[in-house]
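User: Please take a close look at one part of this model and follow its contacts outward into the surroundings. I would like a single connected account, with the cut-off stated for each term as it comes up.

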Amino acid sequence: MTVESWIQVGYALPVLLRGLLVNLELLLGLLAIGLVVGMAVALVEVYAPRPVAAVAVAYEWFFRGVPELVLLFLFYFGPDQFGVQISAFTAAVLALGFRSSAYQSQIFRGAIQAIPAGQMLAARSLGMGRLRAIWHVVLPQALRLSLAGWSNEFSSVLKDTTLAYGIGVVEVMRQARYLTARNFRLALPAFIAVALLFLILTYVGNWTIGLMERRLRIPGLEARR
């Protein structure tokens, strides 16, 4: 690893950043799916009748139990067997998004169950229906409480976006691989540069979520670290 190799990687930095932008697009897509589906799964597990809740638990266990790379292959190659073709990017967003929803559902379930049961009773005594009480009383507090656990999920799925390399998405790892394919001596500095980019993104993301957690903290109902 020489100074010259670092200079060459420096010249290639715009290409790596272009790949990193694809990782961020993947991240936004999978987090959106994870948030919406994960919240729905958590609500079903907590409030739905037992047979329906069992379906949600089975969904959660499936996506938590299957390796991410296998899910990526299933979502990318599976639809083609039925005559449906989807892009590698879409397959990655769906596979990683549904997997994230299984983990996010447990964060949200814990936060929902941390809300004192008396609050639901108080809301019902004021004439609120069950759905209205969940929407207006339980969820706003549960979402705030879930921020601490959600920061771990953010860090995890941010790094998981590099797995999309496995099905051909041209993200930052593939851009680094193209660079090293042209000159193998650039391998170490190129992948160190990728590691540094992810360290920066992880720090900035966690700092932002921590700031939101402090700003939205509910006195007397903070998540204990």
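Analyst: Ser105 counts as buried, with a relative accessibility of 0% (buried means under 20% relative accessible area, exposed over 50% and partly exposed in between, with a 1.4 Å probe and protein chains only). The model is a predicted one, in which local features need pLDDT of at least 70 and side-chain atom pairs count only at pLDDT 80 or more, whereas totals for chains, interfaces and linings use all residues. Residues are numbered from 1 along each chain as its sequence is written, and side-chain values use heavy atoms, with hydrogens and water left out.

Ser105 is placed in helix H5 (helices are DSSP runs of H or I with at least four residues, strands runs of E with at least two, numbered from the N terminus). When residues up to four places away in sequence are not counted, Ser105 touches Gly38, Val41, Ala42 and Glu60, where contact means heavy atoms within 4.5 Å. By contrast with these contacts, the C-alpha atom of Ser105 is separated by 29 Å from that of Val84, a residue 21 places away along the chain.

One of the residues that Ser105 touches, Glu60, is itself buried, at a relative accessible area of 3%. The side chain of Glu60 meets that of Arg64 in a salt bridge, 2.7 Å from N to O (a side-chain nitrogen of Lys or Arg within 4 Å of a carboxyl oxygen of Asp or Glu). Arg64 and Glu60 are four residues apart in helix H3, which covers residues 50-65, and are therefore separated by about one helical turn. Arg64, in turn, is partly exposed, at 31% relative accessibility, so this salt bridge joins a partly exposed arginine to a buried glutamate.

By the rule just given, there are three salt bridges, and the other pairs can be followed from H5 itself. Arg109 pairs with Glu45, with the closest N and O atoms 3.4 Å apart. Because Arg109 lies in helix H5 (residues 88-114) and Glu45 in helix H2 (residues 13-47), this pair ties together parts that are 64 residues apart in sequence. Arg109 is partly exposed, with a relative accessible area of 26%, whereas Glu45 is buried, at 15%.

Glu68 and Arg99 form a further salt bridge, in which the closest N and O atoms are 3.3 Å apart. Here Glu68 belongs to helix H4 (residues 68-77) and Arg99 to helix H5, so the parts tied together are 31 residues apart in sequence. Both partners of this pair are buried, Glu68 with a relative accessible area of 16% and Arg99 with one of 14%.

Arg99 also takes part in the packing of H5 against another helix, H8. H5 and H8 pack at an angle of about 165 degrees, and their axes are 10 Å apart; such axes are lines fitted to C-alpha atoms, for helices over the stretch in contact, and angles run from 0 to 180 degrees between N-to-C directions. The two helices are therefore roughly antiparallel to each other, a word used for angles over 145 degrees, while those under 35 count as roughly parallel, 65 to 115 as roughly perpendicular and the rest as oblique. On the H5 side the contact involves Leu96, Arg99, Ser100, Tyr103, Gln104, Ile107 and Phe108, and on the H8 side Gly149, Trp150, Glu153, Val157 and Asp160. Sorted by class, this contact has six nonpolar, three polar and three charged residues (Ala, Val, Leu, Ile, Met, Phe, Trp, Tyr, Cys and Pro count as nonpolar, Asp, Glu, Lys and Arg as charged, and the others, Gly among them, as polar).

Ile107 and Phe108 reappear at the loop residue Ser146, which is in contact with Ile107, Phe108 and Ala111 once neighbours within four places in sequence are left aside. Ser146 is placed in the loop between helix H7 (130-145) and helix H8 (147-160), and at 3% relative accessibility Ser146 counts as buried.

For contrast with these buried positions, Leu121 in helix H6 (residues 117-125) is exposed, with a relative accessible area of 61%. The C-alpha atoms of Leu121 and Ala133, twelve residues apart along the chain, are separated by 9.1 Å.
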